[in-house]
Amino acid sequence: MLINTGIYKPNEQLPSIRSLSNELNINVNTIKRAFADLEKDGVTYSAQGRGIFVSENPIGNSKIVAGAIEDIRIALTSGKAKGVTREDLQSLIEEIYRAGEKND
């Protein structure tokens, strides 16, 4: 989220795994796994001995977009099965995108 919102810019170094673990009180292995997933998806890259950095175009990464679309597809299928209407979804989409525009 911090990368997508521009807090961390392309080619900017991310905090170390150990410092994030201490700051967030999360197990080091959990942070390592999250960083490995980000690198696998092309959101970050690592420089041997220097750290982990934000990739050049992390937001437009096609793997991230494809994963997000699949997540939405699963949620929509579940919602439809539970009686959520097309109008409910359209209202929700408008609400989410309006809120995003206020934060831009």
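**Exercise 1. Work out what share of the 104 residues in the protein is buried.**

Solution. Keep in mind that this is a predicted model, then take the steps in turn.
- Set the cut-off: a residue is buried when its relative accessible area is under 20%.
- Apply it along the chain: buried residues come to 15% of the 104 residues.
- Turn to the surface: about 8,200 Å² is exposed, and 55% of that is supplied by carbon and sulfur atoms.

**Exercise 2. List the secondary structure elements in order, and decide whether the protein is a compact globule or more spread out than one.**

Solution.
- Count the elements: there are four helices and two strands.
- Read them from the N terminus: the order is α-α-β-β-α-α.
- Compare the radius of gyration with the globule rule: the value is 17 Å, well over the 13 Å that the rule gives for 104 residues, so the protein is more spread out than a compact globule.
- Add the extents: the C-alpha trace spans about 50 × 30 × 25 Å along its principal axes.
- Finish with the contacts: of those between residues at least 6 apart in sequence, 37% join residues at least 24 apart.

**Exercise 3. Classify Val43 and Leu24 as buried, partly exposed or exposed.**

Solution. You will need the cut-offs here: under 20% is buried, over 50% is exposed, and partly exposed lies in between.
- Locate Val43: this residue sits in the loop between α2 (28–40) and β1 (44–47).
- Classify Val43: its relative accessibility is 7%, so Val43 counts as buried.
- Look along the chain from Val43: Lys63 is 20 residues away, with 9.3 Å between the two C-alpha atoms.
- Locate Leu24: helix α1 (residues 17–24) contains this residue.
- Classify Leu24: its relative accessibility is 46%, so Leu24 counts as partly exposed.
- Look along the chain from Leu24: Ala34 is 10 residues away in sequence, and the C-alpha atoms are 13 Å apart.

**Exercise 4. Check the span of helix α3 (residues 62–81) against the value expected at 1.5 Å a residue.**

Solution.
- Find the expected value: the 20 residues of α3 should span 28 Å.
- Compare with the model: the end C-alpha atoms of α3 are 29 Å apart, which agrees.
- See what comes next: Gly83 follows α3 and has a positive phi, near 100 degrees.

**Exercise 5. Count the charged side chains and find how far apart the centres of the two sets lie.**

Solution.
- Count each sign: there are 13 positive and 14 negative side chains.
- Place the two centres: they lie 6 Å apart.

Conventions
Residues are numbered from 1 along each chain as its sequence is written. This is a predicted model: local features need pLDDT of at least 70, side-chain atom pairs count only at pLDDT 80 or more; totals for chains, interfaces and linings use all residues. Side-chain values use heavy atoms; hydrogens and water are left out. Buried means under 20% relative accessible area, exposed over 50%, partly exposed in between (1.4 Å probe, protein chains only). The radius of gyration is taken over C-alpha atoms; the globule rule is 2.2 Å times the number of residues to the power 0.38. Contact means heavy atoms within 4.5 Å. Accessible areas come from the Shrake-Rupley method with a 1.4 Å probe; for residues, only the protein chains shown count as cover. Lys and Arg count as positive and Asp and Glu as negative; His and the chain ends are not counted. The place of a charge is taken as NZ of Lys, CZ of Arg, CG of Asp or CD of Glu. The expected span of a helix is 1.5 Å times one less than its number of residues.
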